[in-house]
Amino acid sequence: MKESLTIVVLLLMSSNFVDSSIAPKKGVDPPAFPLDKCDTGRGWLQYNEHCYKLISPPEGGKSASAIESICEVEGPSKGGSAISFLADVHSQAENDFIAEVVAGGNRAWLGASRFGGNWYWRINVKRGNQEPGLPYTNWKPNEPSNTLNRENCIEINRGPPGRWNDLYCSRKRPGVCKYSIAEWADGVVPK
């Protein structure tokens, strides 16, 4: 198990996992973001102490890893580290906000992946937290199904609004990005 998780961390951090066509341009300063609220002018919406944004490419969607790369570019960064990521969800209220307000009832990627039979929030793995499990879930009935042992990512709004479905990570979907206002204002990226 530890060996497979190490591979997961390496995959998440390798350049092969990131869509280089959307990487930030070298020598270009990141945009200035407000320190105390979400930048609604750039499409970020606030819920409690976090900012959320739906990334919906013109072609209708991208793979989960490509959307994750866009999240990192679209949000603020500190010390060269992106602090925006595919959204993790920790409560029914947050799930409802993401499902209806951010995603508008449309299907969209969330930031969880299955590795070695366990679900992880991708941001936690990137930051070194390798404890498996999602404390809060909102699966559609009979999900996760893991069809052909290849459904390793999560979309929201499959079936009833707010319900989750496991899906092939390569499918094309919009995605929901998230960052912490406090983390941005403090400039501290959790490990």
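**Exercise 1. Which side chain of opposite charge is nearest to E143, and how many ångströms (Å) away is it?**

*Solution.* The model is predicted: local features require pLDDT of at least 70, side-chain atom pairs count only at pLDDT 80 or more, and totals for chains, interfaces and linings use all residues. Residues are numbered from 1 along each chain as its sequence is written, and side-chain values use heavy atoms, with hydrogens and water left out.

Step 1. Locate the residue: E143 lies in the loop between α4 (122-126) and β8. Helices (H or I, at least four residues) and strands (E, at least two) are DSSP runs numbered from the N terminus.

Step 2. Consider charge. Lys and Arg count as positive, Asp and Glu as negative, and His and the chain ends are not counted. The nearest side chain of opposite charge is K140, at 5.3 Å. A salt bridge requires a side-chain nitrogen of Lys or Arg within 4 Å of a carboxyl oxygen of Asp or Glu; E143 has none, although E143 is buried. Buried denotes under 20% relative accessible area, exposed over 50%, and partly exposed in between (1.4 Å probe, protein chains only).

Step 3. Examine the surroundings. The side chain of E143 reaches the backbone nitrogen of S145 at 3.0 Å. Leaving aside neighbours within four places in sequence, E143 is in contact (heavy atoms within 4.5 Å) with W164, N165 and D166.

**Exercise 2. Determine which elements contribute to the largest nonpolar core.**

*Solution.* Step 1. A nonpolar core is a set of buried Ala, Val, Leu, Ile, Met, Phe, Trp, Tyr and Cys residues joined through side-chain atoms within 4.5 Å. The largest one has 22 residues, of which I98, L110, W121, I154, W164 and V176 touch the most other members.

Step 2. Two or more residues come from each of α3 (92-102), β6 (108-115), β7 (118-121) and β8 (153-156). The greatest share, 4 residues, is that of α3.

Step 3. Apart from this core lies another, of 18 residues, including F33, W44, C153 and Y179.

**Exercise 3. Describe the packing of α3.**

*Solution.* Step 1. The buried residues of α3 are E94, N95, F97, I98, A99 and V102.

Step 2. These residues pack against β1 (45-47), β2 (50-55), β6, β8, β9 (164-167) and β10 (175-180).

Step 3. Just after α3, G104 adopts a positive phi of about 60°.

**Exercise 4. State the overall composition of the fold.**

*Solution.* Step 1. The protein has 5 helices and 10 strands.

Step 2. Of its 191 residues, 45% are buried.

Step 3. Among contacts between residues at least 6 apart in sequence, 67% join residues at least 24 apart.

Terms used. Polar contact = N/O pair within 3.5 Å; in protein donor to acceptor, adjacent residues only side chain to side chain.
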